[in-house]
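Got the viewer open? Here is a short tour, one selection at a time.

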Amino acid sequence: DSPSACILPGMLAARSGLIDDVQALIHRTGLPYVTMFMDKAIISESDPHYAGMYNGQLMNPQVREFVENSDCVLGIGAVMTDFNTGSFTADIAPEKLISIMADHVRVGAKTWQNVYMRDLLPALTAGLPHRECHIPAATGLGKPVADASGNITPPYLYPRFEQLFRKDDIIIAETGTVSMGLGFALLPDGAQFHNQTLWGSIGWATPAAVGAAIAAPDRRVILITGEGSHQLTAQEISQFGRFGLKPLIFVLNNDGYLIERLLCKDPEAVYNDLAQWRYAQLPQALGCDNWYCRRVTTCTELDEAIREAETGDRAAYIEIITERYAASDLAKKLGESVATLYSF
């Protein structure tokens with residue numbers, strides 16, 4: 001019976017098919033919940049119990065203060081990986097953390113084996129009382145802010161994407177600066193967010209979006225990828241055309257592997273460069289007919305393209321040109337953290 005507590009639901013609860021049980025526990029107890037990067041939107045971010053994204057010391061200081069000052073943090077399938085913990089800057093005292101995993105429970109330094117999440121969640125829901133809790137309001141990215149140049153910059157780009165998202169969208173965000181820029185957007189009811197946080201596998205998002213679109217043909221699928229990752233699996237665009245699928249695809253072209261530039265000692269090393277494709281011509285070359293395709297270089301053009309893409313009943317493919325080092329805040333902070341760690 002902690003004076004203050006919060007729940008930290010994780011991807012392993014979703015993979016176990018137990019998100020409904022986690023939601024039942026949250027609503028029964030009235031406890032607030034936060035999620036980490038890998039676990040974004042496994043429970044709808046429109047839920048009034050949602051308090052935001054927890055990313056250690058790198059982002060969202062108000063959420064970090066709330067979580068780390070709680071008397072008890074109840075992890076349910078949450079995994080403390082590098083990305084989830086903000087490059088291992090999360091600081092939840094071990095004695096405050098109860099971790100419920102698929103087949104065991106850990107409290108501090110002690111572990112109980114053969115205690116199963118599927119059994120424990122209903123028992124907790126039945127046994128814990130409801131309480132009135134202070135729940136900090138989750139915040140999003142705010143309004144898009146364009147600079148005097150009119151060029152597409154992160155303060156405009158990512159908030160503009162947040163405005164694009166609708167109820168029940170399936171959003172596939174590529175590993176690297178794209179997912180890091182979108183991770184702190186506040187999503188509408190039922191919207192799902194998928195990214196390859198665990199292994200950081202670049203090239204994952206494009207075929208993943210194909211799979212999502214085939215699995216849920218009645219839902220809008222939005223793929224947002226960087227051009228470097230896209231070059232690894234761009235041929236999968238043809239599968240959208242083959243199966244008559246109608247995604248919204250955005251390819252961020254920042255002239256190279258930006259996340260690698262941010263994380264390495266020599267950002268301008270030749271291996272961070274890319275062949276310059278004509279991305280907006282790919283759908284036609286790959287057999288995707290009647291798509292809306294456009295290359296944009298300014299905020300005005302981007303806004304026009306998004307509005308056009310949302311009208312009518314067709315797929316869209318939009319190449320977005322940004323400056324070479326136009327990175328999201330989390331990507332820059334991660335780069336600074338790595339540089340400090342290795343004394344670049």
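Start by selecting what covers the buried residues of H5: the list includes helix H6 (177-182), S10, strand S11 (248-253), H12 and strand S13 (316-321). Keep in mind that this is a predicted model.

Now pick H5 itself, residues 154-164. Nine of its eleven residues are buried, so H5 is largely enclosed by the rest of the structure. Show their side chains: Pro154, Tyr156, Leu157, Tyr158, Pro159, Arg160, Phe161, Glu162 and Leu164 are the buried ones.

Next, add H12, residues 299-309. How do H5 and H12 lie relative to each other? Their axes come within 11 Å and cross at roughly 15 degrees. Angles under 35 degrees count as roughly parallel, so that is how H5 and H12 run. Look along the pair for the handedness, too: the crossing of H5 and H12 is right-handed.

Zoom in on where these two helices touch. On the H5 side, select Tyr156, Leu157, Arg160 and Leu164; on the H12 side, select Cys299, Leu302, Asp303, Ile306 and Arg307. Colour that contact by residue type and you get six nonpolar, three charged and no polar residues.

Move on to helix H7, residues 205-215. Which of its residues are buried? Ala205, Thr206, Ala208, Ala209, Val210, Ala212 and Ala213 are. For their cover, bring up strand S8 (170-173), strand S10 (221-226), helix H8 (227-233) and helix H9 (237-242), which are among the elements involved. You've already met S10, since it also helps cover the buried residues of H5.

Stay with H8 and click His230, which sits in that helix. Is His230 buried or exposed? It is buried, with a relative accessible area of 0%. Leaving aside residues up to four places away in sequence, the neighbours that His230 touches are Thr206, Thr225, Ile237, Val251, Tyr279, Leu282 and Tyr317. Thr206 should look familiar, as it is one of the buried residues of H7.

Finally, zoom out to the whole chain. Switch to cartoon and you'll see 13 helices and 13 strands. The radius of gyration is 21 Å, close to the 20 Å that the globule rule gives for 344 residues, so the chain is as compact as a globular protein of that length. The C-alpha trace spans about 60 × 50 × 35 Å along its principal axes. Colour by burial, and 52% of the 344 residues count as buried. One last thing to try is a contact map: among contacts between residues at least 6 apart in sequence, 69% join residues at least 24 apart.

Technical notes:
Residues numbered from 1 in each chain as written. Predicted model: local features only at pLDDT ≥ 70, side-chain atom pairs only at ≥ 80, totals over all residues. Heavy atoms only, no water. Axes fitted to C-alpha atoms, helices over the stretch in contact; angles between N-to-C directions. Helix = DSSP H or I, 4+ residues; strand = E, 2+ residues; numbered from the N terminus. Parallel < 35°, antiparallel > 145°, perpendicular 65-115°, else oblique. Left-handed = near helix turned anticlockwise from the far one by under 90°. Contact = heavy atoms within 4.5 Å. Nonpolar A, V, L, I, M, F, W, Y, C, P; charged D, E, K, R; others polar. Rg over C-alpha atoms; globule rule 2.2 N^0.38 Å. Buried < 20%, exposed > 50% of the residue type's maximum accessible area, 1.4 Å probe, protein only.
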